[in-house]
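Okay, thanks for making time, everyone. I'll put the chain up on the screen and walk you through a few spots in it.

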Amino acid sequence: RQMCIRDRGGTTNVSVLLLSNYILCANAGDSRAIICKVTKQGGQSKWESTPLNNDHKPDTPGEKERILSKGGRVEAYMDEYGEQIGPARVWLRYDDIPGLAMSRSMGDEVAASAGVIVDPEILKYEVNSDDKFMVVASDGVWEFLSNDEVMNLVLPYYERNDPEGACEKIVKESVKWWLKEDEVIDDITCIVVYLGGDNSELKN
């Protein structure tokens, strides 16, 4: 009996643990968490975003070497003319599957046989009073939106203490870009977490 494993796809994961004065972020794949802070410069408020984790891409140094050592290969999708299309992907050495655009994932048996691992990378971030909110989102959000673009989508909703509205805005904007740039829509999931403090910085 031959087992068909081609349909046993996996998923990415990003998890955030907020403790008293620091954050632990664990991820496998290319879902992402960012933290957004406001600082004063010359009497003006300046917002900036910082990623809490690294995207695990197949052509990242260290990730690529592991995949190759396990018998996989890393290259972009090739069209009928031999031209590369899109990002680097993970393939079996002698078969054009699974074509995964990340080097770590959960539950993908085919990708695992090509060197994709489930092990999370865990990073620590020290929280201070400048940190105002986090956005934790699946890769469908980050495909077309940068960290700063997502942050700027949240800011009007942060001012009026509406994290649910911020989530809805991020999802709608992500869907808009997928419809504009592709024929399919990837998973789009997000969480916005306010860290407390005074929301009035936006008005100064």
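So, Glu 126 first: this residue is partly exposed, with a relative accessible area of 45%. One thing to keep in mind as we go is that we're looking at a predicted model. Glu 126 has a partner, Lys 124, and their side chains meet in a salt bridge, 3.7 Å from N to O. Is Lys 124 buried or exposed? Lys 124 counts as exposed, because its relative accessibility is 53% and the cut-off for exposed is over 50%.

How many salt bridges does a search of the whole structure find? Nine of them. Let me show you another, between Arg 32 and Asp 55, where the closest N and O atoms are 2.6 Å apart. That pair ties together distant parts of the chain: Arg 32 sits in strand β3, while Asp 55 is in the loop between β4 and α1, 23 residues away. Arg 32 is buried, at a relative accessible area of 12%, and Asp 55 is partly exposed, at 23%.

Next, please look at Glu 63 and Arg 104. These two form a salt bridge as well, with 2.8 Å between the closest N and O atoms. Here, too, distant parts of the chain get linked: Glu 63 belongs to helix α1, and Arg 104 to the loop between β7 and α2, 41 residues apart. Both Glu 63 and Arg 104 are buried. And there's a third member to bring in: through salt bridges that share partners, Glu 63, Arg 66 and Arg 104 are joined into one network.

Arg 104 comes up again when we go to Pro 120. Where is Pro 120? You'll find Pro 120 in the loop between α2 and β8. With a relative accessibility of 47%, Pro 120 counts as partly exposed. If we set aside neighbours within four places in sequence, Pro 120 is in contact with Ala 26, Asn 27, Ala 28 and Arg 104. Val 154, on the other hand, is 34 residues from Pro 120 in sequence and 27 Å from it in space, going C-alpha to C-alpha.

There's another proline to point out, Pro 98, which lies in strand β7. The peptide bond leading from Ile 97 into Pro 98 is cis, with omega near 0°.

Now the strands. Take β3, residues 32-41, and β4, residues 44-51: they pair in the antiparallel sense, over eight bridges. Which residue in β4 does Val 38 stand opposite? Val 38 faces Trp 47. This hairpin of β3 and β4 has two residues between the strands, and Gly 42 takes a positive phi there, near 60°. As a side note, in a regular strand the side chains alternate between the two faces of the sheet.

We get another hairpin with β5, residues 72-78, and β6, residues 84-92. Those strands run antiparallel and are joined by seven bridges. Arg 73 has its bridge partner in β6, and that's Trp 91. Between the strands of this hairpin there are five residues, and Gly 82 has a positive phi near 80°.

Positive phi shows up at Asn 161 too, at about 55°, although Asn 161 is not a glycine. Asn 161 is in the loop between α4 and α5, and it's exposed, at a relative accessible area of 53%.

Okay, let's zoom out to the chain. It has five helices and 10 strands. The C-alpha trace spans about 65 × 35 × 35 Å along its principal axes. Out of 204 residues, 41% count as buried. The exposed area is about 11,500 Å², with carbon and sulfur atoms supplying 49% of it.

What about contacts across the sequence? Taking contacts between residues at least 6 apart, 58% join residues at least 24 apart. Then the charges: there are 23 positive and 36 negative ones, and their mean positions are 3 Å apart.

That's my tour. If you want one place to go back to, try Arg 104, which is buried, shares a salt-bridge network with Glu 63 and Arg 66, and is among the contacts of Pro 120. Thanks for listening!

Notes: Residues are numbered from 1 along each chain as its sequence is written. This is a predicted model: local features need pLDDT of at least 70, side-chain atom pairs count only at pLDDT 80 or more; totals for chains, interfaces and linings use all residues. Side-chain values use heavy atoms; hydrogens and water are left out. Helices (H or I, at least four residues) and strands (E, at least two) are DSSP runs, numbered from the N terminus. Buried means under 20% relative accessible area, exposed over 50%, partly exposed in between (1.4 Å probe, protein chains only). Contact means heavy atoms within 4.5 Å. Accessible areas come from the Shrake-Rupley method with a 1.4 Å probe; for residues, only the protein chains shown count as cover. Lys and Arg count as positive and Asp and Glu as negative; His and the chain ends are not counted. The place of a charge is taken as NZ of Lys, CZ of Arg, CG of Asp or CD of Glu. Two strands pair if DSSP finds at least two bridges between them. A salt bridge is a side-chain nitrogen of Lys or Arg within 4 Å of a carboxyl oxygen of Asp or Glu.
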